[in-house]
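Please find some comments on the model below. They deal with confidence, nonpolar packing and salt bridges.

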Amino acid sequence: TRYISVTGVQTCALPISAPVKTFAPNDIEFSEARGGITYSWKWGSIGLVKDNVQWGSGYRQTNILSGRTPSFAMITFNLHPVKWFEFNYFHGWLVSDVVDSTRSYQDGSTYRTVFRPKYMAANMFTFRPFRDFYFSVGNSIIYSDINVHAAYLIPFLFYKSVDHTLNATYHYGDAGQNSQMFFNVSSRNVKHLHLYGSLFVDELSLRHMFNKETQRNQISIKGGFRLSDFPVQNIWFGMEYTRTNPLVYQNYLDAVTFESNSYCLGYYMRDNSDVTNISFGYKPIRGLHIGLIYTLARHGTDYSYKKLHDAGSSSGLPFMDKVIWKEQMLLFSIRYEIVNNAYFYINYRYSNITGEQSAIEKYTPKYYWGKTNTVTFGANIGF
């Protein structure tokens with residue numbers, strides 16, 4: 001459990017749960033490589049890296065960019081010229097998993113599959129108007145079916161407007177791309193208390209915002225707090241809630257979904273879901289950390305933006321009209337720092353997953369179905 005600040009592009013130190021399929025039928029294998037090169041100066045940096053990106057505030061994952069997907073190559077750019085302002089940008093090469101049938105071809109007995117190109121440009125402006133208070137605003141765009149465009153290599157632009165300019169003749173066919181906006185706030189202005197929240201806007205209609213039949217408020221919102229060292233030293237308590245409305249992170253065009261390698265770049269529960277986390281921690285002696293976390297995660301009806309768009313009925317979808325997948329999880333963890341940066345840990349996890357069988361089979365490995373008890377232990381050095 002840790003806090004991810006929006007004041008910089010952060011990488012996830014934990015292994016991602018994204019297996020890569022091998023050539024053997026019904027077989028999977030985990031494979032992941034990360035690395036890169038950066039050039040830094042006193043108030044900024046630029047880099048070419050293949051890594052994960054995590055944007056947003058949260059102790060139990062974030063809903064802007066989760067960082068829990070397969071890493072992708074990107075150009076990164078960071079500026080921190082003054083104490084009260086920081087800027088982050090990246091342009092990434094995503095994996096679309098959408099076959100380009102015109103470029104795919106047969107070569108002897110082998111069919112060469114070629115995917116459509118897919119890219120992402122994103123920026124984040126972070127302001128600190130006063131001490132211990134951070135406000136961030138940014139936007140991103142997923143684009144495909146064109147080469148890398150110079151306009152999306154300009155770090156400071158509002159990419160939705162760029163898309164309107166580039167595709168002004170969209171009435172001859174849907175040539176537009178997929179853009180998003182996001183906001184984040186983090187405050188430690190009250191002693192011992194950390195307040196935070198983030199808003200991811202995929203699509204929003206002010207005209208229809210409060211009309212249940214026509215609203216299309218495709219947003220994800222996250223909020224929480226953590227109280228530390230009060231009223232007792234070395235104890236902390238926190239709560240966090242995340243709600244993601246129907247169709248968030250989706251798109252009716254497969255080539256520009258908010259995904260890479262078919263993994264959602266946003267919150268891990270995807271759309272039409274909510275998650276409540278309650279956590280408690282205690283540090284009785286130097287190097288010993290004891291934690292307890294309760295999680296209630298729910299997922300509602302699965303909607304397909306493509307099918308609803310084709311049928312002309314993608315408005316007015318209810319949030320969580322029924323729960324098709326639910327998990328109640330209790331995690332107890334002990335971590336001890338034996339010597340500097342050398343840790344031993346042991347975790348106990350109780351989980352109860354219920355819901356419709358089709359949803360359980362779709363979202364949960366078989367050995368986690370129903371009530372399960374899992375014990376893990378290990379040691380690590382340096383992280």
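The points below go from model confidence to the cores and then to selected ion pairs.

1. This is a predicted model, in which local features need pLDDT of at least 70 and side-chain atom pairs count only at pLDDT 80 or more, while totals for chains, interfaces and linings use all residues. Residues are numbered from 1 along each chain as its sequence is written, and side-chain values use heavy atoms, leaving out hydrogens and water.

2. Mean pLDDT (the predictor's confidence in each residue, from 0 to 100) is 88 for the chain, with 87% of residues at 70 or more. Over residues 1–22 pLDDT stays under 50.

3. The largest nonpolar core (buried Ala, Val, Leu, Ile, Met, Phe, Trp, Tyr and Cys residues joined through side-chain atoms within 4.5 Å; buried means under 20% relative accessible area, exposed over 50%, partly exposed in between, with a 1.4 Å probe and protein chains only) has 30 residues. W55, L65, F90, M120, F258, L265 and W325 touch the most other members. Strand β9 (115–130) gives the largest share, three residues. A second, separate core of 13 residues includes L79, I141, Y152 and V162.

4. There are twelve salt bridges (a side-chain nitrogen of Lys or Arg within 4 Å of a carboxyl oxygen of Asp or Glu) in the structure. One of them pairs D274 with R298 at 2.9 Å, N to O. D274 is in strand β17 and R298 in strand β18, so the pair ties together parts 24 residues apart in sequence. D274 is buried at 7% relative accessible area, whereas R298 is partly exposed at 26%.

5. E327 and R349 also form a salt bridge, at 2.7 Å, N to O. This pair links strands β19 and β20, with the two residues 22 apart. E327 is buried, at 10%; R349 is partly exposed, at 22%.

Note on methods
Contact = heavy atoms within 4.5 Å. Helix = DSSP H or I, 4+ residues; strand = E, 2+ residues; numbered from the N terminus.
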